[in-house]
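I opened my notebook for a friendly look through one protein. Here is what I was about to work from.

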Amino acid sequence: MKSYVYVNTVSLDNRENHGIIYQARKELHKVVRKLLATSAKILRNPFADTFSTVDVEDHECTVWLLLRRSMSADKAARLQAVQEMSQTHHWHDYQYRIIAQACDLRTLIGLARSKESDLRFFLPPPPLPSLKEDSSVEEELRHLLASLPQTEVDECIQYFTSLALSESSQSLAAQKGGLWCFGGNGLPYAESFGKVPSATVEMFCLEAIVKHSEIPTHCDKIEANGGLQLLQRLYQLYKDCPKVQRNIMRVIGNMALNEHLHPAIVRSGWVSLMAEAMKSQQIMEASHAARTLANLDRETVQEKYQDGVYVLHPQCRTSQPIKADVLFIHGLMGAAFRTWRQQDLDEVLMEKASEDEDRYTTCWPKTWLARDCPALRIISVEYDTSLSDWRARCPMERKSIAFRSSELLRKLRAAGVGDRPMIWVSHSMGGLLVKKMLVEASKKTEMSTLINNTRGMIFYSVPHHGSHLAEYSVNYRYLLFPSLEVKELSKDSPALKALQNDFLEFAKDKNFQVLNFVETLPTCIGSMIKLHVVPVESADLGIGELIPVDVNHLNICKPKTKDAFLYQRTLRFIHETLAKDLEN
């Protein structure tokens, strides 16, 4: 370890060397030499050595001792040192800075993933390089995207890339005095580009870069072309735009899947930013940061969390043994977080409850279930769906249930799903994905642990026999242009019938516990459509208990309160199904 001390130059005039300034400088040099000698002696000597020969105050020994232990060859000693550091809250600022400046990559990441860590452990990110003359963040982002290869990419990545480059070209031209024509549709804004929402073009570019970051070789290009610094500039620029920040964190989380990029991610200051985001009260922000840090933490995490796979609990390092997994799979137009929120309150009550998660939560598996079942790992997944091809994010994307289930199964296995006893929880089309994943996994010997460890399933209004939504879409296709996902939900869909038959055949000799909920009220879709999305007869899997609930399709998985029947019955099922596993 090298240390540098910078002091002002001393005058050669002897008359200046005998006053109080000279004496103060002399004493300062003594203190600095003593500090350097102490740190060198502690860090160089074997761990077992005592500090009796080191001239240092007792309270200083703790800092250097923990630092030394955090670099030990003994993994248990390293983990214990990081835990003790994270639980220290009485140090002076400079003591936290000593750790921040001298600790290694593993220790820094461990502190970021420790719930109680003081943010003073983390240095501010290094200064960002200046933008090129006559350049802008938007233009630099466009150059980064244009530098990425178009090889190994599917049609959707090509679509997002070409769209982003096209829109950014228009906006750059608009900055030079023209008007911006969004989407090339011939309808320019009536105002100058400067008054167009500034995050719009950046979002196009970020959408494309997120897709590229799923390819390891493209991650290398992003890092080599200064992407970590550029994305950090954008992250700080759009502090008030959560959607931009979440997409940036998705890119960093995807890059963190590549271990050789970890030093670059740490050097660029992203760990400090993620440590701060982890402490956010916003569940989505904290969960994106938790995914990134888990992918960086190779000391205590063996699993890798790919894009769209989020751990809701535990998000920090913990001594609590994790004995089982519960997975949440959303349905059409759903998402990893908002699908599982508490049933919406009116605006007045929402404002009063926003700061109290016991009164209102934006993700009940994270807030309620994690407290009631701390020995569970709770995972929620996200994938893109659309009701209509007209509204699809990628017009070329025609992903069937079979394709999505295969893709999702691969990501879940990378996250270690199947290595522990588990329960699947799904809403709407998500339940069809669960069934398809299990049927396909049963055909592969390498997936046998996933089948053997599946203890049960909870289905919230899953259309096992089809949905009225598909029928409505066919009758009014000029309004909806039904997507492939919706078409597969029709009652006469061969794929749906085959899946139901295959699943029943697969499950007949298994001891799966199954709980089915179904809505009894119609759902409003937009201002024109009101229909009963999944009727009772369609939600009947033929296995397990079927419970009708007086809510609509959207609220069937959103309990009104923690004491509501929907949550309490779900919690009871989880406790009963995993009772033996949680006791062991």
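The entries below go from the whole chain to single pairs of side chains.

**Entry 1: overall picture**

I noted at the outset that this is a predicted model. I looked up the confidence next, and the pLDDT averages 84 over the protein. I also wrote down that 78% of the residues score at least 70. Two stretches made me careful. Residues 178–198 have a pLDDT below 50, although the model gives this stretch 36 contacts beyond near neighbours in sequence. Residues 388–392 also stay under 50, with 12 contacts beyond four places in sequence. My reminder to myself: where pLDDT is low, the predicted coordinates should not be read in detail.

I then looked up the make-up of the fold. The protein has 26 helices and 9 strands. Of its 584 residues, 51% count as buried. I took contacts between residues at least 6 apart in sequence, and 74% of these join residues at least 24 apart. The accessible surface comes to about 28,300 Å², and carbon and sulfur atoms hold 52% of that surface.

**Entry 2: salt bridges**

How many salt bridges does the count come to? I found 21 salt bridges. Side chains of opposite charge can pair when their charged atoms come close.

I began with Arg-113 and Asp-297, whose side chains meet in a salt bridge at 2.8 Å, N to O. Arg-113 sits in the loop between α5 (105–112) and α6 (137–146), while Asp-297 sits in the loop between α14 (283–296) and β1 (309–313). The two residues are 184 apart in sequence, so their pairing ties together distant stretches of the chain. I checked both for burial: Arg-113 is buried at a relative accessible area of 5%, and Asp-297 is buried at 1%.

Next I took Arg-120, which forms a salt bridge with Asp-118; their closest N and O atoms are 2.9 Å apart. Is Asp-118 buried or exposed? Asp-118 has 16% relative accessibility, and the cut-off for buried is under 20%, so Asp-118 counts as buried. Arg-120, with a relative accessible area of 26%, is partly exposed.

Glu-259 and Lys-304 were my third pair, with 3.8 Å between the closest N and O atoms of their salt bridge. This pair also links distant parts of the chain, 45 residues apart. Glu-259 lies in the loop between α11 (242–255) and α12 (262–267), and Lys-304 in the loop between α14 and β1. Both residues are partly exposed, Glu-259 at 44% relative accessible area and Lys-304 at 28%.

I closed this entry with a network: salt bridges that share partners join Asp-93, Asp-118 and Arg-120.

**Entry 3: aromatic pairs**

I searched the whole structure for aromatic pairs and found 15. One of them is Trp-368 with Tyr-567, an edge-to-face pair at 5.3 Å centre to centre, with 70° between the planes. Trp-368 belongs to helix α16 (residues 364–372) and Tyr-567 to helix α25 (residues 565–577). The pair links distant parts of the chain, 199 residues apart. I looked up accessibility too: Trp-368 is buried at 0%, and Tyr-567 is buried at 0%.

I then turned to Phe-503 and Phe-506. Their ring centres lie 5.9 Å apart and their planes stand at 55°, so I logged the pair as tilted. These two residues are 3 apart in helix α23 (residues 494–507), which means about one helical turn separates them. Phe-503 is buried at 1% relative accessibility, and Phe-506 is buried at 9%.

Which residues form one aromatic cluster? I listed Phe-328, Trp-340, Trp-364, Trp-368, Tyr-460, Phe-517, Phe-565 and Tyr-567. Trp-368 and Tyr-567 from my edge-to-face pair are thus members of this cluster.

**Entry 4: nonpolar cores**

In soluble globular proteins, nonpolar side chains tend to be buried together. Here I looked up the largest nonpolar core, which has 65 residues. Ile-99, Ile-248, Ile-265, Trp-270 and Val-271 touch the most other members. I followed Ile-99 further: leaving out residues up to four places away in sequence, Ile-99 touches Val-63, Leu-67, Met-85, Trp-91, Leu-111 and Phe-121.

A second, separate core has 49 residues. Leu-450, Phe-459, Leu-489 and Phe-506 are among them. Phe-506 is familiar from my tilted pair with Phe-503.

Methods:
Residues are numbered from 1 along each chain as its sequence is written. This is a predicted model: local features need pLDDT of at least 70, side-chain atom pairs count only at pLDDT 80 or more; totals for chains, interfaces and linings use all residues. Side-chain values use heavy atoms; hydrogens and water are left out. A salt bridge is a side-chain nitrogen of Lys or Arg within 4 Å of a carboxyl oxygen of Asp or Glu. Helices (H or I, at least four residues) and strands (E, at least two) are DSSP runs, numbered from the N terminus. Buried means under 20% relative accessible area, exposed over 50%, partly exposed in between (1.4 Å probe, protein chains only). Rings of Phe, Tyr and Trp (its six-membered ring) pair if their centres lie within 6.5 Å; planes under 30 degrees apart count as stacked, over 60 as edge-to-face and the rest as tilted. A nonpolar core is a set of buried Ala, Val, Leu, Ile, Met, Phe, Trp, Tyr and Cys residues joined through side-chain atoms within 4.5 Å. Contact means heavy atoms within 4.5 Å. pLDDT is the predictor's confidence in each residue, from 0 to 100. Accessible areas come from the Shrake-Rupley method with a 1.4 Å probe; for residues, only the protein chains shown count as cover.
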